[in-house]
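Here is a short report on how two chains meet and on the space left inside. Look over the sequence and the model, then read on.

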Amino acid sequence: MESNRLQGQQGGRKIVRVCVNIFQHNRVFILLAVFLASLPFWSRAVSRAIGIDLIYVMRMVGVFTIVAVGLNLLMGYAGQVSLGHGAFFGIGAYTSALFTVKVGFPVWLSIIAAVFMAALVGFLVAPVLRLKGHYLAMATLGLGIVAFVFFRELIWLTNGNDGIRSIPKLALPGIKITTRKGEYFFVWIVALIVLALCNNLVRSRVGRAIRALHQSEVAAEAMGIDVSRQKIKIFMLSTALGGLAGGIFAHLQGYISPGTFDVLLSIELVTMVVVGGMESIWGAVAGAGLIIFIPEIIKAVPKWLGEAPKWVERYSLYEGLVFGLILMLTMIFMPSGITKSLSDMIRYRRNPIHNPFRKKVVE
Amino acid sequence: MFGGLLSFTFAVSIGLPLPLALLLAVLATAAIGGITERMVIYPLRNAGVLIAIIATIGASIFYKSLGRIFWPEEAYKVPDFSAGNLPIPRATVSTQFLWVIGLTAVSVVLVYLFFGKTKAGKAMRACSINRQAASLVGINVSRMSFYSFLLAGALGGLAGLVNAPFAKYSIGLFLGIKGFTAAIVGGLGNTFGAVTGGLVIGLLEELIPGFLTVVLGISSGFREAVAAIILILVLLWRPQGILGKGVMEKV
């Protein structure tokens, strides 16, 4: 009897220990999930107080988190710049929209089709990965422009500038998602699955391989890594995630037009990755959150001021001013991204803001 | 953008004589370039290229909004440098085109001489090839970076103001892509290559969509994609440019 109870106690302790272990290894992930799950309970009060519809904005943050994670795998981990990821986002959106509207596929199936289509296009344009540095950046920027022009000019397929209207709402087999909260949960469940998978990927053999080729392709080749194959694989994964996010985006908006998927979108995506922090899965979440929220906050500021001053009339002009300024200042004072600076602050009690204007002895 | 807008301000709003207004506008854009370098590029000299790119994109968004605030209207009319059209039968060619071509030729020659003959130009080229080696032979790299931004600011301002009588408010990114494509097609670091590349791109951009519309009946809206497609193809097949010599690849 006595020994049995002891064993039971030990078993209990073991379970607790395993739980603590799991928690410690996935701290950020679990905290994020808890935060997201609790958001709908207090969002209404906060939304009213600050004048921003939190659930509505957070849906978009989820969508852009998916692209940003994919782009961070490519840029942060594998070191291959892509200034054309808006194109794959657009390809996903158009594929999913066209499959539902013109072919009549169910929504979940056409989102899957969007993923495969984006990956396929990624595979077809993969030869640009032979280029390096600025050349790769410019070539992918060119790809973005070509895609944008095609969205606009293939009028028989995409309706040109008029865009595609009345795209059906998100749905799973058997479940129709009608409320904003439902969409919010759908987006973030997908995003969390993607985050978990990518978090595992970068700690795996493939993750080490792509980080090795980031450092030196020659050295990676010498260690037996098939560099071009790995690059193509990670590029395709990244474009597939872009397609996934694009597909979901089309069904959230219900209406897409070429203007959404121009070069500025691609630049915004790169900004999310860099501001959030390169080589950091969580950086993508932070970056997407920040870049989506900044314009909303800037828009909400006049509401907080109550009585609108005269200059608020042309207030929209100041949005770009503030956005550009925030972008510059973040890069100057936190060049390794927000997540890195903040985690350094917590872990090493280091000042998160580093002042580059201070003189250093040796460069 | 600032080139055109500032020359408008100096020439029309303040009422300075045109040559003085243009000179002031170029100096002002050079100053803006210099300030940007000191505030944005200099602090990021040890960070990666990508960080610097994002920071400069931030700067360009900032300046664009600033321009919008000071010059809120859609279009401003900068006076032509000289009135009248060229005496060519059955064609209307403004004499402004002569100014554009002439000033382009002068600035190409000046830039060529600067990079090829002067000490500062050679030092700048050394910095672009290898910063560390350049600083080892006694070149002040950060000062060179500052000078190059002054120069780029002045040339950008000049380009803006000679084209101002034709141009719209924001010509934007497509122009940047075309410029880069021209430079790549001609071969980077080759001033005359850039001119050839510019001519080739300009001609192809008019001819290919024309051909597509007339022969195949495809919409001419694909025009904007031509430069981008040429860019990608040239990068993949002849990264040294059409005129450039082959470069040894590190294996």
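Which residues line the largest cavity? The model is predicted: local features need pLDDT of at least 70, side-chain atom pairs count only at pLDDT 80 or more, and totals for chains, interfaces and linings use all residues. Residues are numbered from 1 along each chain as its sequence is written, chains are lettered from A and ligands numbered from 1 in the order in which they are written, and side-chain values use heavy atoms, with hydrogens and water left out.

**The cavity**

The lining consists of V81(A), L83(A), A137(A), V270(A), L50(B), I53(B), I54(B) and I57(B). A cavity here is a set of points on a 1 Å grid over the protein atoms alone, where a 1.4 Å probe fits but cannot get out; lining residues have an atom within 4 Å of a point. The whole structure holds one cavity of 30 Å³ or more. The largest has a volume of about 40 Å³, taken as the space filled by probe spheres set on the points. Helix α3 of chain B (residues 49-70) contributes most to this lining, with four residues. Helices are DSSP runs (H or I, at least four residues) numbered from the N terminus.

**The interface**

Contact (heavy atoms within 4.5 Å) involves 44 residues from chain A and 40 residues from chain B. About 3,900 Å² is buried between the two chains, and carbon and sulfur atoms give 81% of that area. Buried area is the accessible area (1.4 Å probe) that two parts lose on being put together, summed over both. Across this interface there are zero salt bridges by the rule. On the side of chain A that touches chain B, α6 (133-153), α12 (263-276) and α14 (316-333) each supply at least two residues. The largest share there, 14 residues, is from α6(A).

Two sets of residues can be sorted by class. Ala, Val, Leu, Ile, Met, Phe, Trp, Tyr, Cys and Pro count as nonpolar, Asp, Glu, Lys and Arg as charged, and the others, Gly among them, as polar.

| Set | Nonpolar | Polar | Charged |
|---|---|---|---|
| Side of chain A that touches chain B | 33 residues | five residues | six residues |
| Lining of the largest cavity | eight residues | no residues | no residues |

**Salt bridges**

Over all chains there are five salt bridges, each a side-chain nitrogen of Lys or Arg within 4 Å of a carboxyl oxygen of Asp or Glu. One of them joins R180(A) and D53(A) (3.1 Å, N to O). R180(A) lies in helix α8 (residues 180-202) and D53(A) in the loop between α2 (27-50) and α3 (54-77) of chain A, so the pair ties together parts 127 residues apart in sequence.

Key:
On a 1 Å grid over the protein atoms alone, a cavity is a set of points where a 1.4 Å probe fits but cannot get out, and a pocket is an open set with protein on both sides within 12 Å along at least five of seven lines; lining residues have an atom within 4 Å of a point.
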